[in-house]
Amino acid sequence: MTVNVQRKRHYKIRRIYRIPPVQKKASVSDRLYALASLVCLGGIILGAYCFYAYSDSSELLSAAYASRGYDAAAVFRASLTAAAAYIIICFFSGLSAAGQAVGYIICAVKGMSAGYLSAFALSQGNIPTAVNILAPQVLCIAAVVLAARENIRMSAYVYGRSFGEPQSDGSGNLRLYFAKFAVITAAAAAGAAISGCIALITGQLIF
């Protein structure tokens with residue numbers, strides 16, 4: 001068996017100088033979104049555990065849900081109020097240097113609330129009821145995680161301005177911050193409207 005030395009040498013040169021494939025790195029925004037989502041997921045698991053560990057407290061939740069039922073207007077108001085409360089806290093705390101911790105806490109609290117309500121919905125054994133509860137929670141979680149991400153980014157910038165030497169005046173960042181929260185608020189309102197429509201449809205299905 002003969003070996004072509006010249007061909008083998010050429011192959012080695014190609015292997016040595018071959019350009020490695022470019023690996024796309026995740027942006028800071030993507031990493032923050034993933035981290036906030038993980039914190040929220042941990043809260044969901046903890047909330048579901050608390051529901052099953054302290055199931056006696058579900059009687060108050062059942063009474064509160066029975067008073068609301070499948071009223072589309074009530075579901076819309078409840079969904080919008082809940083999302084707005086989280087968004088407002090994220091917005092104002094993001095303007096301070098200590099707001100990053102608040103963003104993660106908000107994700108954890110919202111996750112626990114969603115996990116508890118989701119466990120309650122699944123325990124009812126009623127598909128329309130589960131859909132009526134789970135759908136608003138999914139939409140609210142998405143809005144809260146986005147708000148928490150912007151909270152953490154802006155708070156990090158404020159922290160850098162307070163203890164570092166920024167290169168810009170930050171006016172563009174502040175305008176973008178307001179614009180993003182306006183979009184998030186509009187998305188939360190649209191989600192609340194969708195939740196009201198779902199409640200109306202599921203109410204027609206069950207009655």
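Helix axes are taken here as lines fitted to C-alpha atoms over the stretch in contact, with angles running from 0 to 180 degrees between N-to-C directions. The model is a predicted one, in which local features need pLDDT of at least 70, side-chain atom pairs count only at pLDDT 80 or more, and totals for chains, interfaces and linings use all residues. Residues are numbered from 1 along each chain as its sequence is written, and side-chain values use heavy atoms, with hydrogens and water left out.

We may begin with the overall layout. The protein has 7 helices and 0 strands, helices (H or I, at least four residues) and strands (E, at least two) being DSSP runs numbered from the N terminus. In order from the N terminus, the elements read α-α-α-α-α-α-α. Of the 207 residues in the protein, 35% are buried, where buried means under 20% relative accessible area, exposed over 50%, and partly exposed in between (1.4 Å probe, protein chains only). Contacts (heavy atoms within 4.5 Å) reach far along the chain: among those between residues at least 6 apart in sequence, 83% join residues at least 24 apart.

Helix 4 makes a good first stop. Its 22 residues (residues 72–93) should span 32 Å at 1.5 Å a residue, and the end C-alpha atoms are indeed 32 Å apart, so the two values agree; the expected span is 1.5 Å times one less than the number of residues. Buried positions in helix 4 include A74, V75, S79 and A83, and further along Y86, I87, C90, F91 and S93 are buried as well.

The axes of helix 4 and helix 5 lie 9 Å apart at an angle of about 165°. Helix 4 is therefore roughly antiparallel to helix 5, given that angles under 35 degrees count as roughly parallel, over 145 as roughly antiparallel, 65 to 115 as roughly perpendicular and the rest as oblique. Their crossing is left-handed, meaning that the near helix is turned anticlockwise from the far one by less than a right angle, whereas clockwise would be right-handed. On the helix 4 side, Y86, I89, C90 and S93 take part, meeting G99, V102, I106, V109, K110 and S113 of helix 5. By class, this contact holds 6 nonpolar, 3 polar and 1 charged residues (Ala, Val, Leu, Ile, Met, Phe, Trp, Tyr, Cys and Pro count as nonpolar, Asp, Glu, Lys and Arg as charged, and the others, Gly among them, as polar).

Helix 5 (residues 99–123) also meets helix 2 (residues 28–53), the axes coming within 6 Å and crossing at roughly 45°. Helix 2 and helix 5 are therefore oblique to each other, and their crossing is right-handed. The contact of helix 2 with helix 5 comprises 19 nonpolar, 5 polar and no charged residues.

Three individual residues round out the picture. V145, in helix 6, is buried because its relative accessibility is 3%. Beyond residues up to four places away in sequence, V145 touches Y33, A36, S37 and C40, and the C-alpha atoms of V145 and G103, 42 residues apart along the chain, are 8.6 Å apart. V158 also belongs to helix 6 (residues 127–163) and, at 18% relative accessibility, counts as buried. With residues up to four places away again not counted, V158 touches G94, L95, S96 and A97; V158 and A98, 60 residues apart in sequence, are 8.9 Å apart from C-alpha to C-alpha. Finally, S195 in helix 7 (residues 171–206) counts as buried at 1% relative accessibility. Leaving aside neighbours within four places in sequence, S195 contacts V75, S79, N132, P136 and L139.
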